[in-house]
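Here are my notes on the model, in the order I would read it. Please keep the structure open alongside.

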Amino acid sequence: MSDAMLHAVGQDPDDFAVQIADSIESFIVATTEVAKGDEPDSAVPFLLLEVSQLLLTGGRLGAHEDIVPDERYEPDAGPDVDVDDLRERFAVLLDPVDVFSEVFDPYEPRKAPVPSRISDSLADIVTDLRHGLAHYRAGRTTEALWWWQFSYFSNWGPTASATLRALLSLVAHVRLDQPLQELDGLDTDEDLPEDALAEEAGRVMVEEIAAPLGLRTAP
C-alpha cells in the first residue's frame, strides 16, 4: 500500500503517528512476503532485520508519554484478519528451527523457560499490529497509537523481543560455528567420540539449517 493510500493528503511525513504507521505497515508487508517462501535462502536474515526494525518502533512507542484515547471505550475496528495461513507458511518455512525456549519475565525468579514457536510469534505480532492499523486507516489516529503502545507493553513487544533473541541466536550459532545441542537429522545415540559428535553436529547444521535458510552456502 502506498503512502498516498495509507495517509491522508497533506500529512507531515515527519509526524510521529505517520512514522509509526509507516514502520508497522512496512513490517506487515515484508513479513507477509517472506512467508510466501519465494526466497527461502534469505528468510532468517531478513526476519532478523525486520523484527529489529519493528522493535525500534516499539521502543519509540514505549518511550513516549502515555497515549490517552479520545473515547472511553475502544471503537469497533471490525474482525481481525485471519493469520492462520501466515502462521502455517512460517511453520513450514522455519520447520528445522521453529521451536525455541522463552522466558516470559526475566524479573520473575525461578521461572522455567517454556517452548515457543517463531511462526506463532510472528502471526501474533501481525495480528496486534493490524488491529491498530484498522483504527489508523479509519482516521482514528489517537486510538491506533494508544492500541499500538498498549499492546507493545502487554503482548507484541515481549513477543517480538523473544523472537528477535531466537533469530539472533540462530544466526550466531551458524556464523560462530557453535553447534546446536539438538538438531533434526543428527542421531545422538551414535557411538561417536565427543569431538566427532560436535563436528558432525556442525556439519548437519550447515547442511540442514544454514544453507536452506540463507545463512551460509553448504560446502
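1. The secondary structure of this predicted model comes to 7 helices and 2 strands. Reading from the N terminus, the order is α-α-α-α-β-β-α-α-α. The two strands thus follow four helices and precede three more.

2. The chain has 219 residues, and 38% of them count as buried. It exposes about 12,700 Å². Carbon and sulfur atoms supply 51% of that area.

3. Look at contacts with a separation of 6 or more. Residues 24 or more positions apart account for 71% of them.

4. Start the helices with H3, residues 43–63. H3 has 21 residues and spans 30 Å from first C-alpha to last. That is close to the 30 Å expected at 1.5 Å a residue.

5. Which residues of H3 are buried? Several are leucines: Leu47, Leu48, Leu54, Leu55 and Leu61. Val44 and Val51 are buried too, as are Ala43 and Gly58. Glu50 and Thr57 complete the set.

6. What covers the buried residues of H3? The cover includes helix H2 (16–35) and helix H4 (84–93). From further along the chain, it also includes helix H5 (118–137) and helix H6 (141–175).

7. H6 deserves its own look. This helix has 35 residues, but its end C-alpha atoms are only 42 Å apart. A straight helix would reach 51 Å at 1.5 Å a residue, so H6 falls short. H6 also bends by about 70° at Tyr152.

Methods:
Residues are numbered from 1 along each chain as its sequence is written. This is a predicted model: local features need pLDDT of at least 70, side-chain atom pairs count only at pLDDT 80 or more; totals for chains, interfaces and linings use all residues. Side-chain values use heavy atoms; hydrogens and water are left out. Buried means under 20% relative accessible area, exposed over 50%, partly exposed in between (1.4 Å probe, protein chains only). Contact means heavy atoms within 4.5 Å. The bend at a residue is the angle between axes fitted to the seven residues ending there and the seven starting there. Accessible areas come from the Shrake-Rupley method with a 1.4 Å probe; for residues, only the protein chains shown count as cover.
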